[in-house]
Amino acid sequence: MTIYFCLIGYILLLPLLFNLNNSDAVSKQKKIAFWGMFGVFLVLALKSPSIGVDMEGYQKQYNLAKTVSWNDFGFVYFETGYILLEKIFSKLNVSFQLFTAILYCFSSFSWYKLISKYSTDSCLSILFVICYQFFALSVSGLRQVVAMAICVFAFILFDRFDVKGMIFGTILATSAIFVHRSAYIFVVMVIAIILSRKLKKISIINVGLLLSCAFIFRGVLWTFIDSTLKKVDVGSSVSLGGAFLFQFIIFAFSFFTFFYYYEADCVFGRSLGSMNNIAYDDILALRLSLYSLVVYILLSGGVILRSSMYVMMFVVAFFPRMVAKYNCKSRIIINLVLIVVLIYIFYSQTLSINQFEICPYKFFWE
């Protein structure tokens with residue numbers, strides 16, 4: 001367990017380390033994002049393949065992929081894209097340990113690109129990555145980890161909002177589906193980008209309608225997935241546990257901050273003077289936090305809930321923009337509260353219950 005807390009301590013020290021330099025704020029956040037995700041990569045890449053409840057199965061299939069012919073994709077239930085990836089590396093005699101390290105490098109680099117490009121507080125975003133299930137998912141869910149990494153680059157392309165970006169973003173998002181079918185959820189991000197470019201306001205009525213529709217139509221979605229994409233046990237009830245509460249608090253905070261920051265300026269004429277001056281990244285941050293709730297409700301109650309990570313991962317990058325709206329003293333208090341809550345979540349939901357068997361840590365050479 002020690003190495004996980006050392007990793008958190010390392011991340012918390014990075015802002016102090018780079019504060020000693022005279023670099024500008026943007027450069028500082030990029031350095032924190034790079035070295036922070038580099039630390040995460042090392043912990044993931046150097047772990048023993050025995051850590052992670054699904055890793056033994058992944059290792060067996062990787063070794064088996066070396067022996068089957070190139071045109072045989074039916075020897076395992078994995079998606080064809082991931083099987084092809086296994087075959088390429090296994091037939092090149094790359095060890096499973098090195099193969100996973102390459103995948104973790106790709107995943108960590110995608111997180112670095114996402115956080116360095118969009119987050120105003122790289123340290124806080126990386127703590128979200130470690131403490132809020134993403135790190136635990138990376139330990140075991142290789143296919144989804146790769147698919148999520150591909151979707152990050154697809155998002156960056158879509159966010160350019162030009163023809164070339166849309167075309168290549170669509171190609172990447174489609175390829176992610178062939179690695180893990182959960183990447184279908186990425187369509188929510190495309191909707192968020194388009195609406196945020198065109199609609200600069202979200203009313204409480206919109207929020208109520210979206211959440212109500214999520215409760216009403218979740219059964220239809222589960223039935224569609226069960227009959228079309230993958231056989232699953234259809235969830236009969238919504239599971240609104242601690243994760244949902246945490247995401248709801250994130251949304252409520254974003255909603256309050258957004259309307260206080262913009263509406264107050266409109267009412268009191270401080271600086272903006274018009275809701276037309278709403279920053280695109282701000283409305284996207286708010287819309288993402290709302291959509292994370294909608295997707296959670298739609299997918300809760302079964303194994304496909306993990307697919308909600310495709311939305312939440314972008315909340316991780318954009319949420320610090322809301323914290324940045326407050327003055328320095330308030331930001332410090334908010335960040336301290338968030339850090340304490342995140343570490344508690346990490347300990348209670350991952351470490352203490354030995355989730356995905358990531359604790360105790362074992363190095364690959366043991």
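The paragraphs below walk through this predicted model, from its overall make-up to a few individual residues.

Let's start with the ground rules. Residues are numbered from 1 along each chain as its sequence is written, and side-chain values use heavy atoms, with hydrogens and water left out. Since the model is predicted, local features need pLDDT of at least 70 and side-chain atom pairs count only at pLDDT 80 or more, while totals for chains, interfaces and linings use all residues.

How far can you trust the coordinates? The score to look at is pLDDT, the predictor's confidence in each residue, from 0 to 100. Its mean over the protein chain is 86, and 89% of the residues reach 70 or more. Among the elements, helix H6 (residues 122-131) has the highest mean pLDDT, 95, and helix H11 (residues 204-229) the lowest, 79. Over residues 265-274, pLDDT stays under 50. For this stretch the model has 13 contacts beyond four places in sequence, a contact being heavy atoms within 4.5 Å. Where pLDDT is low, the predicted coordinates should not be read in detail.

Now for the overall make-up. The protein chain has 16 helices and zero strands; both are DSSP runs numbered from the N terminus, helices being H or I over at least four residues and strands E over at least two. Of its 366 residues, 52% count as buried. Here buried means under 20% relative accessible area, exposed means over 50%, and partly exposed lies in between, with a 1.4 Å probe and protein chains only. Contacts reach far along the sequence: of those with a separation of 6 or more, 77% are between residues 24 or more positions apart.

A good place to look at packing is the pair formed by helix H5 (residues 96-118) and helix H14 (residues 309-318), which meet at an angle of about 40° with their axes 8 Å apart. The axes are lines fitted to C-alpha atoms, for helices over the stretch in contact, and angles run from 0 to 180 degrees between N-to-C directions. H5 and H14 are therefore oblique to each other; angles under 35 degrees count as roughly parallel, over 145 as roughly antiparallel, 65 to 115 as roughly perpendicular, and the rest as oblique. From H5, the contact is made by Trp111, Leu114 and Tyr118, and from H14 by Met313, Phe314, Val316, Ala317 and Phe318. These residues divide into eight nonpolar, no polar and no charged. In that scheme Ala, Val, Leu, Ile, Met, Phe, Trp, Tyr, Cys and Pro count as nonpolar, Asp, Glu, Lys and Arg as charged, and the others, Gly among them, as polar.

Why is H14 described as largely enclosed by the rest of the structure? The reason is that 10 of the 10 residues of H14 are buried. Among them are Met309, Tyr310 and Val311.

Back in H5, two residues with hydroxyl-bearing names are worth a visit: Thr100 and Ser107. Thr100 is buried, with a relative accessible area of 4%, and it touches Met55 and Leu142, not counting residues up to four places away in sequence. Ser107 is buried too, at 7%; leaving aside neighbours within four places, Ser107 is in contact with Val145 and Ala149.

Elsewhere, Val40 lies in helix H2 (residues 25-45) and is buried, with a relative accessible area of 2%. Beyond four places in sequence, Val40 contacts Leu7, Ile126, Ile130 and Phe135. In helix H12 (residues 242-268), Tyr262 is buried at 3%.

Next come two loop residues with unusual backbone angles. Most residues other than glycine have a negative phi. Asn93, in the loop between helix H4 (80-91) and H5, has a positive phi of about 65° although it is not a glycine. Phe161, in the loop between helix H8 (142-159) and helix H9 (163-177), has a positive phi near 60°. Asn93 is exposed at 57% relative accessible area, whereas Phe161 is partly exposed at 30%.

Finally, the cysteines. A disulfide is a covalent bond between the sulfur atoms of two cysteines. The structure holds zero disulfides, the criterion being a pair of cysteine sulfur atoms within 2.5 Å. Cys123 counts as buried at 8% relative accessibility, and Cys213 as partly exposed at 35%.
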